[in-house]
Amino acid sequence: MILETERRAVVEHASELADLTPGRTGNLSVRGRGDGTDAGPGDAFAITPTGVPYDGFDAEDVPVVATDGERLAGEMAPSSEVPMHSAIYRREDVGAIVHTHSPWATALAVADQPLPPIHYMIVAVGKRVPVAEYAPYGTDELAENIVTAMTEADSTAALIENHGLVVTAPDLETALENTHHVESLARLYLESRSAGLEPQPLSDDQLETVLEQFESYGQ
C-alpha cells in the first residue's frame with residue numbers, strides 16, 4: 001500500500017483533532033518518506049479525508065496526494081485544504097502539517113492579532129506566530145498567504161485571518177504537540193488581557209537564550 005506508514009499515522013492521530021477543533025473542521029497530513037513506489041521521498045503526502053468523523057476511516061481510506069495536487073490513492077476524497085498542504089510541502093522542508101480552528105488561536109485570527117512571545121515555549125514554533133492574510137479556504141491564494149506569513153516571520157506556524165491555525169513540523173507528533181502549545185499560549189495571552197493585564201513580551205536576546213537551552217533539553 002502506497003505510503004502505508006504515513007496513512008496509518010493519519011489514522012492513529014486524527015482523533016487528536018477532536019480536542020483541538022470543533023466538528024470536523026480540522027485536518028492533518030504526513031509527508032511521504034519514500035517506500036519504493038512512484039511517489040518517492042517528499043513527492044506525496046497522506047491527508048485526512050474530507051467530512052468524515054476522525055475515527056471513521058481506516059488506512060486504506062486515507063487519501064494520498066502528490067505535492068502537485070494529483071490524487072494518487074485512497075478510498076475517500078481528501079480534505080478541501082489539499083492546496084494549502086501541497087503548497088507548504090512544495091515550499092517548506094517539513095514532514096507534517098496540522099490545521100485547526102482551535103478556539104483561542106482562532107480568536108486571535110479573527111481579530112487579526114499575531115501571537116507575541118509572552119512565554120518562552122513560543123520558541124517551539126518561532127519567536128512569534130504571524131497572521132496570514134485571509135483568502136477563501138481550499139484555494140491556492142490562501143496557501144500562498146500562509147507560506148508567505150511563515151517565511152517572513154521565520155515561524156513554523158501561522159494564524160489564518162478569520163479562519164484558524166496551521167502548524168508545521170518534522171513529524172506529526174511534534175506538529176500536534178506544537179499546535180497545543182500555540183493554543184495554550186493564545187489562551188494565556190487573551191485571558192491576561194481580558195483581566196486588564198498587559199502581557200510583557202520576551203526580548204530577542206531572551207528568546208535566543210531559550211533556543212540555546214533547548215538544544216540540550218530532554219533525553
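The exercises below, each with a worked solution, treat the sheet, cores, salt bridges and aromatic pairs of one predicted model.

Residues are numbered from 1 along each chain as its sequence is written. Local features need pLDDT of at least 70 and side-chain atom pairs count only at pLDDT 80 or more, while totals for chains, interfaces and linings use all residues; side-chain values use heavy atoms, with hydrogens and water left out.

**Exercise 1. The sheet**

Find which strands stand at the edges of the open sheet of 8 strands.

Step 1. Helices (H or I, at least four residues) and strands (E, at least two) are DSSP runs, numbered from the N terminus. Two strands pair if DSSP finds at least two bridges between them.

Step 2. Write down the order of the strands, which is β4-β3-β2-β1-β5-β8-β7-β6, with mixed pairing.

Step 3. β4 (71-73) and β6 each have a single partner strand, so these two are the edges, and one side of each has no neighbour in the sheet.

Step 4. Look at one pairing inside the sheet. β2 and β3 (residues 64-66) are antiparallel and share 3 bridges. In this pairing, Phe45 is opposite Val65 of β3.

Step 5. Add a helix. α3 lies across β7 and β8 (164-169), at about 65 degrees to β7. Such an axis is a line fitted to C-alpha atoms, for helices over the stretch in contact, and angles run from 0 to 180 degrees between N-to-C directions.

**Exercise 2. The nonpolar cores**

Determine which element gives the most residues to the largest nonpolar core.

Step 1. A nonpolar core is a set of buried Ala, Val, Leu, Ile, Met, Phe, Trp, Tyr and Cys residues joined through side-chain atoms within 4.5 Å. Buried means under 20% relative accessible area, exposed over 50%, and partly exposed in between (1.4 Å probe, protein chains only).

Step 2. The largest core has 21 residues, and Phe45, Met84, Ile88, Ile97, Ile146, Ile160 and Val166 have the most contacts inside it.

Step 3. At least two residues of this core come from each of β2 (44-47), α2, α4 and β7 (157-160). The element that gives the most is α4, with 6 residues.

Step 4. Take Ile160 as an example. With contact meaning heavy atoms within 4.5 Å, and leaving out residues up to four places away in sequence, Ile160 touches Met84, His99, Ala109, Ala132, Leu142, Ile146, Leu165 and Val166.

Step 5. Another core, of 20 residues, lies apart from the largest one and includes Ala105, Ala109, Val125 and Val131.

**Exercise 3. The salt bridges**

Locate the partners of three salt bridges, those of Arg91, Lys127 and Glu191.

Step 1. A salt bridge is a side-chain nitrogen of Lys or Arg within 4 Å of a carboxyl oxygen of Asp or Glu. The count by this rule is 4 salt bridges.

Step 2. Arg91 pairs with Glu144, with 3.1 Å between the closest N and O atoms. Arg91 is in α2 (residues 82-91) and Glu144 in α4 (residues 140-153), 53 residues apart, and the pair links distant parts of the chain. Both are partly exposed: Arg91 at 41% and Glu144 at 34% relative accessibility.

Step 3. Lys127 pairs with Glu208 at 2.6 Å, N to O. Lys127 is in the loop between α3 (103-110) and β6 (131-132), whereas Glu208 is in α6 (residues 204-214), 81 residues apart. Lys127 is partly exposed at 26%, as is Glu208 at 34%.

Step 4. Glu191 pairs with Arg187 at 3.1 Å, N to O. Both lie in α5 (residues 172-194), 4 residues apart, which is about one turn of the helix.

**Exercise 4. The aromatic pairs**

Classify the 2 aromatic pairs found in the whole structure.

Step 1. Rings of Phe, Tyr and Trp (its six-membered ring) pair if their centres lie within 6.5 Å; planes under 30 degrees apart count as stacked, over 60 as edge-to-face and the rest as tilted.

Step 2. Phe45 and Tyr89 have 5.0 Å between centres and 40 degrees between planes, and the pair is tilted. Phe45 in β2 and Tyr89 in α2 are 44 residues apart. Phe45 is buried at 0%, and Tyr89 is buried at 1%.

Step 3. Tyr120 and Phe214 have centres 6.3 Å apart and planes at 90 degrees, so this pair is edge-to-face. Tyr120 is in the loop between α3 and β6 and Phe214 is in α6, so the pair ties together parts that are 94 residues apart in sequence. Tyr120 is partly exposed at 41%, and Phe214 is partly exposed at 30%.
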